[in-house]
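Q: Could you walk me through this model? I'd like to go through it piece by piece.
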Amino acid sequence: MRNWWSLMRSSGILLTLFVLICGGNCFAADKNSIVVALTEEPDYLSTCEHDSLMGVQMNLLTYNGLLRIDMKTLQPVCDLAESYSQAGDNEWIFKLRNGVKFHNGDDFTAEDVVASINYAKTFPASTTYTGDIAAVEVLDPLTVKIITKSPTPNLPFNLAYHYNFILPKKLIESKNDFSSNPVGTGPYMLDKWNKGNKISFKVFSDYFDADRKAKVPTLQFVIIPEGSTRTMALESGEVDFVYAVALSDVLRLKNANSIKVEQIVSVENFFLYLNCLNTPYADDNLRKAVAWGINREDIVAGALNGFGTPSYSTVSMGYAESTTENGYGYDLNKAKEYIAAWGGDPAKAPLDIICSNDVKSSIATIMQAELSQIGIPVTINKMDSPSYQAAMRTTKLTSAIVSWSPANAMTYVQRFHSNRRQQTPTSYVNPALDELVVKMNSTMDDAARASIVKQLIETANEHCVFVPIYQVNYFRAHNSELKDVVCSATGYVDFSLMSWR
């Protein structure tokens with residue numbers, strides 16, 4: 001019955017009629033698979049060539065790190081490492097699991113850990129997560145020592161991030177393309193990637209963790225950009241899980257038979273990223289004019305159907321160190337004062353906002369009307385996800401609507417260091433922020449480090465590193481017969497745990 005969708009997806013009227021006749025329960029679920037509707041597909045399936053939420057979501061299926069972030073607690077826990085300890089402020093010892101296999105049948109050993117971390121370090125974009133690692137040493141086939149350049153309290157979080165996921169040494173040396181052939185130790189293996197349409201995975205029968213071994217043999221991701229079409233596909237039974245529910249359909253799905261809607265309060269902050277390298281927006285005052293010139297409550301109401309929280313700080317609320325000190329509100333007079341302090345003609349500082357989906361485009365449309373009141377012309381440039389990600393890695397863009405949702409505030413504020421330009425070359429750079437990030441990264445005392453993190457947020461707000469817009473609530477919807485559905489406040493879903501009742 002799944003093939004019906006390829007014939008009918010273009011006919012919204014017929015699909016709506018079909019759903020109404022069937023009462024939203026037209027198909028019996030295939031218990032050997034889970035079909036997930038995505039808004040957009042990842043641009044890479046490899047670990048080090050991207051830094052996108054959807055790319056990481058795919059990485060979680062096929063790879064593991066020494067540690068992983070528990071999706072319920074947002075704390076690092078052991079994964080390929082069965083234990084770890086500190087031999088000193090700068091030395092960490094990791095005991096590895098025995099008997100772990102890669103998808104290609106190779107045994108996992110300490111040599112693979114050394115090769116993988118050294119491989120990640122060759123990608124400039126990984127600096128935030130690998131830059132503090134001075135050396136990785138094999139102590140024995142199942143023991144690794146990591147030596148850091150200075151005390152690095154965030155190392156467990158860094159090792160749980162996708163750049164540091166573990167790959168087979170042999171394939172690294174043979175220059176395997178880990179995007180088209182993502183060989184790891186994860187619970188699923190890539191089956192087929194039909195770009196622009198579908199990504200299929202099959203269960204890895206030799207997965208090392210019995211408690212987390214995938215329960216459903218096949219996992220398929222289909223790309224359905226239109227929100228209403230995703231909703232109808234779920235109602236008809238053509239898909240089993242909708243990763244991002246169209247906000248206009250949330251109440252409808254909450255009242256639907258045989259469908260469950262998961263609502264997750266997130267730490268994901270959406271913001272307007274501005275080119276701070278070679279545009280007028282390199283000036284603090286002009287960025288602040290934009291920050292004070294947008295009405296976040298109107299954006300949440302108009303673009304998000306009220307399902308969101310206005311954001312007034314560069315870092316999400318919800319972390320222990322979160323603060324709105326030096327933050328922003330909506331005040332056109334103050335926005336105009338900052339325009340005057342900048343001293344230029346706002347008509348000559350156009351904003352071309354790139355957007356990768358309909359929600360971002362709706363936000364940009366409201367901002368377009370609001371910023372016209374302070375004389376800033378706005379154009380909206382909608383593009384697919386790969387083009388959007390590629391544009392973020394150039395010096396040509398003016399602005400983009402972006403989001404970020406790390407597991408802790410310390411990882412969040414790492415992005416305020418100037419080494420961020422190695423990944424996003426038009427990022428804001430400030431020596432004071434660099435100094436604070438370095439100080440934070442070498443402070444082992446928890447209370448003292450938390451104070452530095454808060455100071456970093458206040459300083460980032462003071463200089464308006466970027467313009468915060470809103471903090472999102474996630475809505476994931478699925479067939480109610482799916483159980484053990486775990487959705488993280490950082491945006492990810494643990495598909496390997498799911499099974500059918």
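A: What follows goes through some helices, the cores, a cavity and a few single residues of this model, which is predicted.

Q: Let's begin with H11, then. Which of its residues are buried?
A: Helix H11 covers residues 296–304, and the buried ones in it are Arg296, Ile299, Val300, Ala303 and Leu304. Viewed down the axis of H11, these buried residues fall within an arc of 100°, so they line one face of the helix.

Q: Why would residues spaced like that end up on one face?
A: An α-helix has 3.6 residues a turn, so residues three or four places apart point the same way.

Q: And which residues of H11 are exposed on the other side?
A: On that other side of H11, Glu297 and Gly302 are exposed.

Q: What covers the buried residues of H11?
A: The cover includes helix H10 (284–293) and helix H13 (358–371), together with strand S13 (308–310) and strand S17 (467–479).

Q: What goes on at the start of H11, and what just after it?
A: At the start of H11, a side-chain oxygen of Asn295 comes to within 3.1 Å of the backbone nitrogen of Glu297. Just after H11, Asn305 takes a positive phi of about 55°.

Q: Which other residues have a positive phi?
A: Among them are Leu74, with a phi near 60°, and Asn326, with a phi near 65°. As background, most residues other than glycine have a negative phi.

Q: Where does Leu74 sit, and is it buried or exposed?
A: Leu74 is in the loop between strand S2 (67–69) and strand S3 (76–78), and with a relative accessible area of 12% Leu74 is buried.

Q: Same for Asn326: where is it, and how accessible?
A: Asn326 lies in the loop between S13 and helix H12 (332–342), where its relative accessibility of 36% makes it partly exposed.

Q: What about Thr314, where is that and what does it touch?
A: Thr314 also lies in the loop between S13 and H12, and at 0% relative accessibility Thr314 counts as buried. Leaving aside neighbours within four places in sequence, Thr314 is in contact with Asn269, Tyr328, Tyr412, Phe416, Ile457, Ala460, Asn461, Val465, Phe466 and Pro468.

Q: Switching to the nonpolar interior, which residues of the largest core touch the most other members?
A: The largest nonpolar core has 89 residues, and Phe221, Leu272, Ile376 and Phe495 are the ones that touch the most other members. Strand S17 gives the most to this core, with seven residues.

Q: What else is there by way of a core?
A: There is a second, separate core of 38 residues, which includes Cys48, Ile354, Ala400 and Trp404.

Q: Back to Leu272, what does it touch?
A: Not counting residues up to four places away in sequence, Leu272 touches Val290, Leu351, Ile353, Met367, Ser399, Ala400, Ile401, Phe466, Val467 and Ile469.

Q: You mentioned S17; what can you say about His478?
A: His478 lies in strand S17, and at 1% relative accessibility His478 counts as buried. Apart from its neighbours within four places in sequence, His478 is in contact with Leu234, Asp240, Phe241, Ser258, Ile259, Lys260, Glu262 and Val485.

Q: How many residues of H3 are buried, and what do they pack against?
A: Helix H3 (residues 53–62) is mostly covered, with eight of its 10 residues buried; these are Met54, Gly55, Val56, Gln57, Met58, Asn59, Leu61 and Thr62. The buried residues of H3 pack against four strands that are named as strand S1 (33–38), strand S8 (188–194), strand S9 (198–203) and strand S10 (218–223).

Q: How many cavities of 30 Å³ or more does a search find?
A: A search of the whole structure finds one cavity of 30 Å³ or more, and about 30 Å³ of space lies in the largest cavity. The residues that line the largest cavity are Pro124, Ala125, Thr127, Thr128, Asn419, Arg420, Gln422 and Gln423.

Q: One last residue: where is Leu277, and what is it in contact with?
A: Leu277 lies in the loop between strand S12 (259–274) and H10, and with a relative accessible area of 39% Leu277 is partly exposed. Not counting residues up to four places away in sequence, Leu277 touches Ala282, Thr395, Arg421, Pro425 and Thr426.

Q: How far apart are the C-alpha atoms of Leu277 and Arg421?
A: The C-alpha atoms of Leu277 and Arg421 are separated by 9.7 Å, and the two residues are 144 residues apart along the chain.

Conventions
Residues numbered from 1 in each chain as written. Predicted model: local features only at pLDDT ≥ 70, side-chain atom pairs only at ≥ 80, totals over all residues. Heavy atoms only, no water. Buried < 20%, exposed > 50% of the residue type's maximum accessible area, 1.4 Å probe, protein only. Helix = DSSP H or I, 4+ residues; strand = E, 2+ residues; numbered from the N terminus. Arc of directions from axis to C-beta. Contact = heavy atoms within 4.5 Å. Polar contact = N/O pair within 3.5 Å; in protein donor to acceptor, adjacent residues only side chain to side chain. Core = buried A, V, L, I, M, F, W, Y, C linked by side-chain atoms within 4.5 Å. 1 Å grid on protein atoms, 1.4 Å probe; cavity = no way out; pocket = protein on both sides within 12 Å on 5 of 7 lines; lining within 4 Å. Points joined across faces, edges and corners; volume = space filled by probe spheres on them.
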